[in-house]
Amino acid sequence: MLPQADKNNIRTGLQTLAQFDSAPEQAGTTRVLFSDEENKARSYIKDLMQQTGMTVQEDAIGNIFGTLAGNDPDAAPVWSGSHIDTVINAGMYDGMAGVIGAIEACRMIRASGEAHQRPITVVVFASEEPTRFGTGCIGSRAMAGHLSLEQTKELYDDNGISLYSELERLGYTKLDYDAVRKHKGDVFASVELHIEQAPVLEQLGIPIGLVTGICAPTYIHVTLKGEQKHAGSTPMNARHDVVPAAADIILQLEHLARSYGNTHTVATVGKIQVFPNASNVIAGEIRFTIDIRDISKETKQELTKNICNYIQVVAKLRHLDAKYSVDTDDLPHMSDPKVLHVLEDTCQSLQIPYHKMTSGAYHDSLLVAEFAPMAMIFVPSKDGISHDPAEYTSIAEIACGVDVLANALLHLANMQSLN
Ligand SMILES: [Zn+2]
């Protein structure tokens with residue numbers, strides 16, 4: 001077993017990253033892809049990787065790779081990584097714990113002098129959060145072959161700047177975009193450390209969660225158009241009101257999601273825009289988003305199909321014009337049982353209690369699962385709070401996750417095969 005993680009290193013890493021903040025006057029940390037502050041954070045991480053004895057590379061979409069060489073340079077590497085971009089007014093652990101934790105794990109392995117055959121690579125995935133360009137998991141999505149260079153020209157931020165023009169500005173377009181793509185066999189195994197972002201581990205009093213599968217999102221954008229009319233002078237039978245129609249669809253969505261009777265099938269309408277949005281006007285148009293997540297591909301597809309059909313039925317009955325588009329439709333993925341087995345063995349050897357669980361939130365590992373055997377380690381989130389300045393996991397809890405991660409990475413890096 002390796003010596004324990006150095007809590008000071010973890011604390012310093014997280015506190016330093018938190019200082020790269022585009023909105024220091026506001027609570028929490030804001031650091032979106034390729035902002036000045038995020039670029040500074042990227043430089044800090046690259047320096048830290050170098051100080052830890054790693055070779056640093058970047059690819060054409062801005063993923064960062066820090067590699068600790070193994071005895072067999074040709075062997076497929078073992079990966080561990082997460083992200084350093086944030087939502088607006090974020091906490092300081094979501095993503096960052098996995099990056100700082102993976103670098104600390106590599107430092108522990110190197111300091112121990114233990115041999116490993118395979119290279120161990122810490123990956124910082126570009127923009128896991130959809131904050132700037134509206135699409136999440138940009139770096140890992142490109143690796144999985146779901147984001148072409150052409151498509152980066154169609155992703156815009158709120159200022160009308162495209163992802164492509166940012167890649168060009170920062171010199172990434174000089175790199176080979178084809179090399180971003182990863183294929184089966186390129187990566188031996190991947191383990192991401194992440195905060196749980198839910199209260200299960202805290203409630204159970206268990207320090208480690210081993211993720212058995214990651215739920216995937218489907219996003220549907222819906223627009224209903226009716227007739228904008230006077231709220232006083234228009235009789236109820238002469239209306240083409242979009243608001244009750246949307247209410248009907250939203251309640252049906254809730255009913256459908258609940259009907260599966262499990263904890264993994266969830267559906268949310270979190271954003272509604274009504275036009276003209278006036279108390280004395282029958283709205284002529286409403287736009288809303290539907291977010292459906294599930295661990296079962298079949299259930300998610302069925303729910304998506306049913307709600308889309310229902311939108312058409314409601315529109316027809318109420319004589320409205322309905323448009324909807326399914327914009328993201330990621331596949332849920334199960335963790336690799338053999339990688340999971342290594343993590344379980346590691347926890348048992350370290351005598352650390354663990355709990356097997358599904359991740360309702362998605363992570364870069366969801367896309368990594370498309371080309372590499374993957375599993376994740378969760379550490380507790382206080383009160384389950386995340387994407388909020390109050391997000392909190394103690395340094396001791398993260399260090400416990402890093403202990404599991406480091407020993408598991410070392411074990412994986414000496415495995416011939418996963419069979
Ligand atoms: Zn995250």
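**Group meeting talk: from the whole chain to one strand**

Let me begin with contacts: in the protein chain, among those contacts whose partners are separated by 6 or more positions, 79% are between residues 24 or more positions apart. Please keep in mind that what we are looking at is a predicted model.

Turning to the overall build, the secondary structure of the protein chain consists of 12 helices and 16 strands. The radius of gyration is 23 Å, and because this is close to the 22 Å that the globule rule gives for 419 residues, the chain is as compact as a globular protein of that length. Measured out along the principal axes, if I may put it loosely, the C-alpha trace spans about 80 × 45 × 40 Å.

Next, the surface and the interior. Of the 419 residues, 53% count as buried, while the accessible surface comes to about 18100 Å², with 48% of it belonging to carbon and sulfur atoms. As for charge, there are 33 positive and 52 negative charges, and their mean positions lie 4 Å apart.

Now let us go down to a single element, strand β3, which covers residues 78-82. Five of its five residues are buried, so the strand is largely enclosed by the rest of the structure. In a regular strand, the side chains alternate between the two faces of the sheet. In β3 both faces are covered, with Val-78, Ser-80 and Ser-82 buried on one side and Trp-79 and Gly-81 buried on the other.

Which strand does β3 pair with through five bridges? The partner is β4, residues 120-124, and the two run parallel, with Gly-81 standing opposite Val-123 of β4.

Key:
Residues are numbered from 1 along each chain as its sequence is written. This is a predicted model: local features need pLDDT of at least 70, side-chain atom pairs count only at pLDDT 80 or more; totals for chains, interfaces and linings use all residues. Side-chain values use heavy atoms; hydrogens and water are left out. Helices (H or I, at least four residues) and strands (E, at least two) are DSSP runs, numbered from the N terminus. The radius of gyration is taken over C-alpha atoms; the globule rule is 2.2 Å times the number of residues to the power 0.38. Buried means under 20% relative accessible area, exposed over 50%, partly exposed in between (1.4 Å probe, protein chains only). Contact means heavy atoms within 4.5 Å. Accessible areas come from the Shrake-Rupley method with a 1.4 Å probe; for residues, only the protein chains shown count as cover. Lys and Arg count as positive and Asp and Glu as negative; His and the chain ends are not counted. The place of a charge is taken as NZ of Lys, CZ of Arg, CG of Asp or CD of Glu. Two strands pair if DSSP finds at least two bridges between them.
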